[in-house]
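Please take me through this structure stop by stop, telling me at each point what to select in the viewer and what I should find there.

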Amino acid sequence: MSTAPRICPLCEATCGLVLTLDGSRVTGARGDRDDVFSRGFVCPKGAAFPQVDADPDRLRTPLVREDGRLREASWEEAFDTIAARIRPLIEDYGPDALGIVLGNPNVHTMAGALYPPLLLRATGTSNLFTASTLDQMPKHVSSGLLFGDPFAVPVPDLDRTDHLLVIGANPLDSNGSLCTAPDFPGRLAALRRRGGTLTVVDPRRTRTARLADRHLALRPGTDALLLAALVHTLFAEELADPGPLADRTEGIDRVRDAVREFAPEAVAPVCELDPGTIRAVARELAAAPTAAVYGRMGSSTVSHGTLANWLVDVLNVLTGNLDRPGGALFPRSATAPAPRPAGPGRGFLLGRRRSRVSGHPEVKGEFPLAALAEEIDTPGEGRIRAVITIAANPVLSAPDGLRLDAALAGLDLMVCVDPYLNETTRHADVLLPPPPPSQSAHFDFAFNGFAVRDQVRLTPAAVPLEAGRMDECEIHARLVLAAAGLHGSPPSAVDDLAVDTALARAVTEPHSPAYGADPKEYAAGLTGANGAERRLDLMLRLGPYGLTLDELKARPHGIDLGPLKPRLGEVLRTRSGRIELLPDPIAADLPRLRAALTAVPEPGTLQLVGRRHLRSNNSWLHNTPALTGGSNRCTLQVHPDDAARLRLAAGAPARVKGAGGEVTAEVEVTDTVRPGVVSLPHGWGHDRPGTRLTVAAVRPGVNVNQLLDGSLLDPLSGTAVLNGFPVEVTPAESTPPL
C-alpha cells in the first residue's frame, strides 16, 4: 500500500486529497491536511474518488461507428478516421461547417485548458459553444463591461469580510462557484464566529440559507430588481461611499439616475419582499466595516442575468468594498500574464458577429449553446455539419434536448472526447476516451483565477498510464493535428508551436519577464516531462510570481502565495482606464428591467428553479454508487400549500409542463421552497437507449431542461434562462386542481 497527493477534479473547490493505492488501484481518498489551500477538508464527492476513478462504465478504448453501430477500435484507426473525414468537410463547406462544444468538466483538466484554443485556431471555425452560456457568462459580460476584461472577476474575501451577501448561490451544497474556496461551510462558520453577518437571498431555504442571519425568499427571477432597489437605497439615503474608488470610477451619477425608479416600494410587490427589509439590507451593507456581495447561478440563469451580475459589483463599488481586503478582490493566478502597467486598454466588445439562424450576438467568442440545435438542423449555407464535443453533454444540459438529440443524429460527422457513452456521445462517429483522473496530472489553470486565496498546486499522475490508454493531453494534441490537416505529425509539434507563439509575443512586451530574451534559448531552458508540462513551466515563468515547474514539483502540497491583495490598477483594461460603472450595453438593457416592475404574477402561478446537490455536479456523478440516493434525488419539490391546492401527494408522480415540453417527476412536499415555486435539479434524464451508464439508468430522473424551448435567453450574454420560468403542474393521474 502507498499514498499519493491529488487535487480533486470533481468540483470548483479544488480540494487536496491523499489517495491510498494498492498497486495501480485507488482504494481510498481522504483530505490532505498538508494541502496549503484545503487543509484537510473533503466532501462526499472527493471521498468517492476511488469509485469515480474505477467506474467500470468508463470507456477504455476508442469507439468508431461502422454500419450505424459503434465498435471498439485502435487509437490509430480512430485518428485516421477523423483526419480522413474532417478536413474534406471543412474544405468543401468552410470552417464554420464545424461546431465545437466544450462542457463544464473540460476546465477541470490540464488538457481541457491547454488545447481547445489551439483546436479553434487549427480549424478556423467561429462556431464555439460552451457551458458558460448555461452558467456564468453574465458574470464575464458584466466584468468585461465594467473592468475591460471578462476574466477579471472579483471574488468575496471570505476569510476577512465582516458581511457577506449571497444571492442565488448555495455554496454549502455546490462547494462554491466562481469563488474557489475549499471548505466553504467552514469559512462561513468562521465568519459567524468572528461576529460577521451572512445574508442569503434565495427562493429556497437551502442549507446555506439556514446558516444565515437573514434569509430573503424572493420570487425567482427578480434578483436584478432587488439589487437595483439596494443601489437605489444607498443613493436615496446618502449611504453610497466608494471611498478611494471614486477617483477611479466614472458613471456614478448616471447609475444614480438609472436606478431612480427602483425604490424598495416599487420592487417589493414583484420580488414579494417587504420594502423595509430591503432598506435594512442596504443599510447593513453600507454600515459593515467590510462587506462583499456574491451572486451565482440563481442570479445568472435568469432573464436579467447580466444586469444582476452588474449590480452585484455596483454594490461592491458604491460601498467602497471592491478591491479592498474584506471586500471583493481580484485573485492573481500564478499562470496569469505578468502584470501590465496601469492604463487604458482595448475594452470589451459584444456582438462582433452574429449567429446564422437567429442572429444571436457573439459573446467572448461564443454563441449560445441553446442555439446549437438550430444551427445544425436549419438548412442553408453555413449550416453546421460536423461537431466536436469535449467533456460535454448538451442533450441534458441545454434547453430542448429532444431537438438537439435529433439534430446530432443528422450530422455528417461527430467526434467526442469523453470517458462515457452518454446521452450526447451516443451519436459520435468517433469517441476518444481519456484515462481516469488518477492516471493524469492535475493543475487548475481556470480555478486559481477565482480562488479566495492566492496559491498554486500541481499533482502528478498518481498511477502510471494503463496499457492501451492514451494520455489526455496527447489525445487533444492528436485531435488538433487531425483537424489541421497535419495528421501523422508528432503530438509534440502542437506544444512546440504553442511555446514558440507565446515566446514570440513575450519577448517583445516590456512588462514580460522574457522581454528581450532569445526565444530559442528561453525555450531550451524549459523543463517538463512532456509538452503540457513545458507549457506550464513557461506560463509559470512568465507569470506574476516568476515560479518554475521544478519549484512547484518540489512542493507536492502546493505553494501558498498569501491572501488576496488590492490590484485594481493591474486589472483595469477599459478604454478609459477607469471602472465604467454604467456601460452603454447595460444602459440599453435597463428599460427591460423597468418593464419588469409591472410583472406581478397572477395568483396561482408557479415558477420553476433548479437546485444543487452536494453529492452531484450537473450530469457527471450519477453513475457513482456512493453518490446516489439520499438527498441526491431527482424529485419535484413543492410547498405544502401548493401541494394541497393542486392535489399533489408526496411520493406520487406529477406532470410538469413548460414551453419546450413536459416531464413527469416524483413529488417531494417541503417547506424549503416558498409558495409559488417548484424545484427540479439539473443534469438528469439518463433514460435514452444506446448509452452505457449502468448505475444512472437505474434511477434516471427527468431532464428539467426539456421544459424549455431555447427561446428564453438573457440578451446581453446569450445565457439560457434555466431558473424562474413559468410551469404548469398537475397530478400525473390528471386530477383537476382545485
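At what angle do helix H6 (residues 137-147) and H15 pack, and how far apart are their axes? Before selecting anything, keep in mind that this is a predicted model. Now select both helices: H6 and H15 pack at an angle of about 50°, with their axes 8 Å apart. H6 and H15 are therefore oblique to each other, and H6 passes H15 in a right-handed crossing. To see the contact itself, show the side chains of Pro138, Lys139, Val141, Ser142, Leu146 and Phe147 on H6, together with Gly305, Thr306, Asn309, Trp310, Val312 and Asp313 on H15. Coloured by character, the residues of this contact between H6 and H15 divide into 6 nonpolar, 4 polar and 2 charged.

Stay in this region for the next stop, and keep Lys139 of H6 and Val312 of H15 on display, since both belong to the contact just shown. Lys139 and Val312 are also among the residues that lie nearest the centre of the second largest cavity, along with Pro154, Tyr294 and Gly295. This cavity has a volume of about 110 Å³ and is lined by 14 residues. The elements that give two or more residues to its lining are strand E13 (292-295) and helix H15 (305-318), and H15 gives the most, with 4 residues. By character, the lining of the second largest cavity divides into 8 nonpolar, 3 polar and 3 charged residues.

Next, select helix H10 (residues 223-236), which can be viewed against two partners in turn.

With helix H13 (residues 275-287) added, the axes of H10 and H13 come within 9 Å and cross at roughly 60°, and the crossing is right-handed. On the H10 side the contact is made by Leu226, Ala229, Leu230, Thr233 and Leu234, and on the H13 side by Ile278, Arg279, Val281, Ala282 and Ala286. The residues of the contact of H10 with H13 divide into 8 nonpolar, 1 polar and 1 charged.

Now hide H13 and bring up helix H12 (residues 264-271), whose axis comes within 9 Å of that of H10, the two crossing at roughly 165°. H10 and H12 are therefore roughly antiparallel to each other, and their crossing is left-handed. Here Leu225, Leu226, Ala229, His232 and Thr233 of H10 meet Pro264, Val267, Val270 and Cys271 of H12. Of the residues in the contact of H10 with H12, 7 are nonpolar, 2 are polar and none is charged. Leu226, Ala229 and Thr233 deserve a label, because they appear in the H10 contact with H13 and also in the H10 contact with H12.

For the last stop, what lies nearest the centre of the largest cavity? Select Cys11, Glu12, Ser174, Arg612 and Asn617, which lie nearest its centre among the 15 residues that line it. The largest cavity has a volume of about 130 Å³, and its lining divides into 1 nonpolar, 9 polar and 5 charged residues. A search of the whole structure finds 4 cavities of 30 Å³ or more.

Key:
Residues are numbered from 1 along each chain as its sequence is written. This is a predicted model: local features need pLDDT of at least 70, side-chain atom pairs count only at pLDDT 80 or more; totals for chains, interfaces and linings use all residues. Side-chain values use heavy atoms; hydrogens and water are left out. On a 1 Å grid over the protein atoms alone, a cavity is a set of points where a 1.4 Å probe fits but cannot get out, and a pocket is an open set with protein on both sides within 12 Å along at least five of seven lines; lining residues have an atom within 4 Å of a point. Grid points are joined across faces, edges and corners, and a volume is the space filled by probe spheres set on the points. Ala, Val, Leu, Ile, Met, Phe, Trp, Tyr, Cys and Pro count as nonpolar, Asp, Glu, Lys and Arg as charged, and the others, Gly among them, as polar. Axes are lines fitted to C-alpha atoms, for helices over the stretch in contact, and angles run from 0 to 180 degrees between N-to-C directions. Angles under 35 degrees count as roughly parallel, over 145 as roughly antiparallel, 65 to 115 as roughly perpendicular and the rest as oblique. A crossing is left-handed if the near helix is turned anticlockwise from the far one by less than a right angle, and right-handed if clockwise. Contact means heavy atoms within 4.5 Å.
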